[in-house]
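Here are some short exercises to work through with the model open beside you. Try each task on your own before reading its solution.

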Amino acid sequence: SFKPFGGRAALQCYVKATEAALYLLEKELLVKEASKVHVMPYSRLRVEVLPPDSRRTFDLQLECAAADAPAGAPAKTALKLELSMLPANECDRVSELLQRKRANVNGSLDGEAASAGAVGGGAAGGGAGDDEEEEDDDDDDDEDSDFAPSEGSDVEEEYDSDGGDPVEGGDGSDEGEEEEDDDEEDENEEPAGEAEDSQAPAKRIKTEAVDA
């Protein structure tokens, strides 16, 4: 623990107009103000050191963040104190001790907190970007699958025997059907001619009988 010059256990100071004593312990500092005792862990402590300049004393502005409240309990507020009239010859030693204990002295740790936040935000943003790229790839695959022919489907295209361009008229089945129809008409017409020839002798015989 910190021991002030002169062998005292605490640094004498004031909280407003009330005499107080400041104890710099191993893990926290303690301020005894009349019948009140304030305990401030270094890990949650923010300190503004107001140097003595031409004065014979210096001041400390202390702000200790509240600990996490239990579930269901009301949230606690930060504890703030301003200590004045501290001996000027102790200013450098007190500042060095607070920095060594990782208290945030005059904003010395603000840069580290901002860097940590930026790194965390960048990692989260990168993960989101990767997810979006994966979703875009999946969408492209789905679109390709929509236009791809399914298995077993026939592409209705007709080609000539030489493997060239598609034949506009199809496979020639219509021409074959027209030829068959012509053949059938010819066959139907032939019996009619034969019938006329078979009737011709009968007509001649009847004519001759009339003449006789």
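**Exercise 1. A lysine in a turn**

Task: Work out whether lysine 16 counts as buried or exposed, and describe the loop around this residue.

Solution.
- Step 1: Lysine 16 counts as exposed, because its relative accessibility is 77%. The cut-offs are under 20% relative accessible area for buried and over 50% for exposed, with partly exposed in between (1.4 Å probe, protein chains only).
- Step 2: Lysine 16 sits in the loop between β1 and β2. Helices (H or I, at least four residues) and strands (E, at least two) are DSSP runs, numbered from the N terminus.
- Step 3: Look at the backbone: phi of lysine 16 is near 60 degrees, a positive value in a residue other than glycine. Most residues other than glycine have a negative phi.

Before you go on, a note on the source: this is a predicted model, in which local features need pLDDT of at least 70 and side-chain atom pairs count only at pLDDT 80 or more, while totals for chains, interfaces and linings use all residues. Residues are numbered from 1 along each chain as its sequence is written, and side-chain values use heavy atoms, with hydrogens and water left out.

**Exercise 2. Following the strands**

Task: Trace how β1, β2, β3 and β4 pair, starting from β1 and β2.

Solution.
- Step 1: Strands β1 (residues 11-15) and β2 (residues 18-24) run antiparallel and are joined by five bridges. Two strands pair if DSSP finds at least two bridges between them. Cysteine 13 has alanine 20 of β2 as its bridge partner, and two residues separate the strands of this hairpin.
- Step 2: β2 is also joined to β3 (residues 28-33) by five bridges, again in an antiparallel arrangement. Here tyrosine 23 has leucine 30 as its bridge partner, and alanine 21 has lysine 32. The hairpin of β2 and β3 has three residues between its strands.
- Step 3: Six bridges pair β3 with β4 in the antiparallel sense. Glutamate 28 is matched with proline 41 in β4. Two residues lie between the strands of this hairpin, and alanine 34 in the turn has a positive phi of about 55 degrees.

**Exercise 3. A histidine and its surroundings**

Task: Find which residues histidine 38 touches, and decide whether histidine 38 is buried or exposed.

Solution.
- Step 1: Histidine 38 belongs to strand β4 (residues 36-41).
- Step 2: With a relative accessible area of 14%, histidine 38 is buried.
- Step 3: Leaving out residues up to four places away in sequence, histidine 38 touches Leu29, Leu30, Val31, Glu33, Leu79 and Leu81. Contact means heavy atoms within 4.5 Å.
- Step 4: The side chains of histidine 38 and glutamate 33 are joined by a polar contact of 3.2 Å. A polar contact is a pair of N or O atoms within 3.5 Å; within protein, one must be able to donate a hydrogen and the other to accept it, and residues adjacent in sequence count only if both atoms are side-chain atoms.

**Exercise 4. Charged pairs**

Task: How many salt bridges does a search of the whole structure find?

Solution.
- Step 1: The search finds four salt bridges. The criterion is a side-chain nitrogen of Lys or Arg within 4 Å of a carboxyl oxygen of Asp or Glu.
- Step 2: One of them links arginine 46 and aspartate 110, whose closest N and O atoms are 3.1 Å apart. Arginine 46 is in strand β5 and aspartate 110 in helix α2 (residues 110-147), so the pair ties together parts that are 64 residues apart in sequence.
- Step 3: Aspartate 59 and arginine 55 meet through their side chains at 3.6 Å, N to O, in a salt bridge. Aspartate 59 is buried at 12% relative accessibility, whereas arginine 55 is partly exposed at 38%.
- Step 4: Glutamate 90 and arginine 93 form a salt bridge at 3.0 Å, N to O. Glutamate 90 is buried at 2%, and arginine 93 is partly exposed at 29%.

**Exercise 5. Two sides of a helix**

Task: Which residues of helix α1 are buried, and which are exposed on the other side?

Solution.
- Step 1: In α1 (residues 91-100), the buried residues are Cys91, Val94, Ser95, Leu97 and Leu98.
- Step 2: These residues are on the same side of α1, because they cover an arc of only 165 degrees around the axis. The arc is that of the directions from the helix axis to the C-beta atoms.
- Step 3: Asp92 and Arg100 are exposed on the other side of α1.
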